[in-house]
Amino acid sequence: MLWKGLLGGLVTVAIVLASRRGNVLPGILPLAPTFAIIALLAVGAKGDPAGFRAACLAGAKTIPAYLVFLGAAYALSGLMDYRLAILGATAAWLAAALAIFLLPQWL
């Protein structure tokens, strides 16, 4: 568990340090699959290939919600303080993620 926290912490530090040098690299660093690696290692350790593949597919399904988050943050940044834009984008992400994972059950 400790190495997982260290890995996440290192990526966070890298993002903060990169933000001091520019604006593009901090936007790219979250694409490093740090948390996906941690999740897949945890699921893979169970020794269930089907569960591992299911976790891969679930992770892939979150990409549209991430794009909704970024699009909302971009759109809201011109209308309000960046902290409120992030909050609004997080709400948009949550709505998109819930739609992606819950709507298929209701249809």
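**A helical chain and its helix H6**

Reader: What share of the chain's 107 residues count as buried?

Author: The model is a predicted one. A residue is termed buried when its relative accessible area is under 20%. Of the 107 residues in the chain, the share that meets this cut-off is 12%.

Reader: Which elements make up the chain, and in what order do they run from the N terminus?

Author: The chain contains 6 helices and 0 strands. Read from the N terminus, the order of its elements is therefore written with helix symbols, helices and strands being the elements assigned. That order is α-α-α-α-α-α.

Reader: How much area does the chain expose, and what part of it do carbon and sulfur atoms supply?

Author: The C-alpha trace spans about 45 × 40 × 20 Å along its principal axes. The chain exposes about 7900 Å², and the part supplied by carbon and sulfur atoms is 76%.

Reader: Where in helix H6 does a kink lie?

Author: Helix H6 covers residues 82-106, and its 25 residues reach 35 Å from first C-alpha to last, close to the expected 36 Å. The helix nevertheless has a kink of about 35°. The kink comes shortly before the proline Pro104, at Ile100.

Reader: Against which helix do the buried residues of H6 pack?

Author: The buried residues of H6 are Ala85, Ala89, Ala96 and Ala97. In an α-helix, residues three or four places apart point the same way, because there are 3.6 residues a turn. The partner against which the buried residues of H6 pack is helix H5 (63-77).

Key
Residues numbered from 1 in each chain as written. Predicted model: local features only at pLDDT ≥ 70, side-chain atom pairs only at ≥ 80, totals over all residues. Heavy atoms only, no water. Helix = DSSP H or I, 4+ residues; strand = E, 2+ residues; numbered from the N terminus. Expected span 1.5 Å × (residues − 1). Bend = angle between axes of the 7 residues up to and from the residue. Buried < 20%, exposed > 50% of the residue type's maximum accessible area, 1.4 Å probe, protein only. Contact = heavy atoms within 4.5 Å. Areas by Shrake-Rupley, 256 points an atom, 1.4 Å probe, with all protein chains shown as cover.
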